[in-house]
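Please open the model in a viewer and keep the selection panel at hand. The tour proceeds by selections, each followed by a description of what is found there.

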Amino acid sequence: MATWGGAGRRLKFFGQFTHYLIGYATWLPPLIWFNTSVAQITFISGPSMYPFLNAEYNESRRQDLCLVYKLYARKDLAHGMLVTFRNPDDPYKITVKRVVGLDGDVVRTRAPYPYEYVQVPEGHVWVEGDGDRSKDSNYYGPISARLITGKITHILSPWKRAGRVKWWEHPERPGVQKARA
């Protein structure tokens, strides 16, 4: 009497493999959509937001892990919020900065910006890094609000600083005259 032996096990393996492959593959498009349109978990690199983000920048190579909320990213922007946006110099690069001025605000600039004061045009924001080594609006001017891709809402790691980003508690930058209250 002939037995299936190895061929039967292979058929069973390929059947299970196909079942799991289809099961996982159907979840892939919703996960990609969620990551690009709703929220994303990302590491923050570089010193531009030091000491608020990457507080251990000078001590270790550890990076902060943050939650970026992307749904309606440009809606209800406020002074002090941390936003992610497409870098005006390199649109493939996403940058993190703090909103300092909204449209209509008059901002006292810093070097290397060529003028001492600037009024933020409609549909634009003035963004700056918290650290000294930051390439921000003082370098490339006000950015279009359309470049904003998300708002940083939570720090996930390191554990001792994990929690909601309380941007409203951050002291406002001196030299900004708000256009609206």
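**The cores**

Begin with L77, V83, F85, V125, V127 and I148: of the 13 residues in the largest nonpolar core (buried Ala, Val, Leu, Ile, Met, Phe, Trp, Tyr and Cys residues joined through side-chain atoms within 4.5 Å), these touch the most other members. Two or more residues of this core come from each of β3 (82-86) and β7 (124-128). Another core, of 10 residues, lies apart from it and includes I44, I152, I155 and V165.

This is a predicted model, in which local features need pLDDT of at least 70 and side-chain atom pairs count only at pLDDT 80 or more, while totals for chains, interfaces and linings use all residues. Residues are numbered from 1 along each chain as its sequence is written, and side-chain values use heavy atoms, with hydrogens and water left out.

**The strands**

Next, select β1 (residues 39-44) and β2 (residues 64-69), antiparallel strands joined by 6 bridges; strands here are DSSP E runs of at least two residues, and two of them pair if DSSP finds at least two bridges. T42 has C66 in β2 as its bridge partner. Then add β9 (residues 148-157), which runs antiparallel to β2 and is joined to it by 5 bridges. Here H154 in β9 stands opposite L67.

**H79**

Finally, select H79, in the loop between β2 and β3. H79 is buried (under 20% relative accessible area, 1.4 Å probe, protein chains only), at 16%. Which side chain makes a polar contact with the side chain of H79? That of D105 does, at 2.5 Å.

How values were computed
Buried means under 20% relative accessible area, exposed over 50%, partly exposed in between (1.4 Å probe, protein chains only). Helices (H or I, at least four residues) and strands (E, at least two) are DSSP runs, numbered from the N terminus. A polar contact is a pair of N or O atoms within 3.5 Å; within protein, one must be able to donate a hydrogen and the other to accept it, and residues adjacent in sequence count only if both atoms are side-chain atoms.
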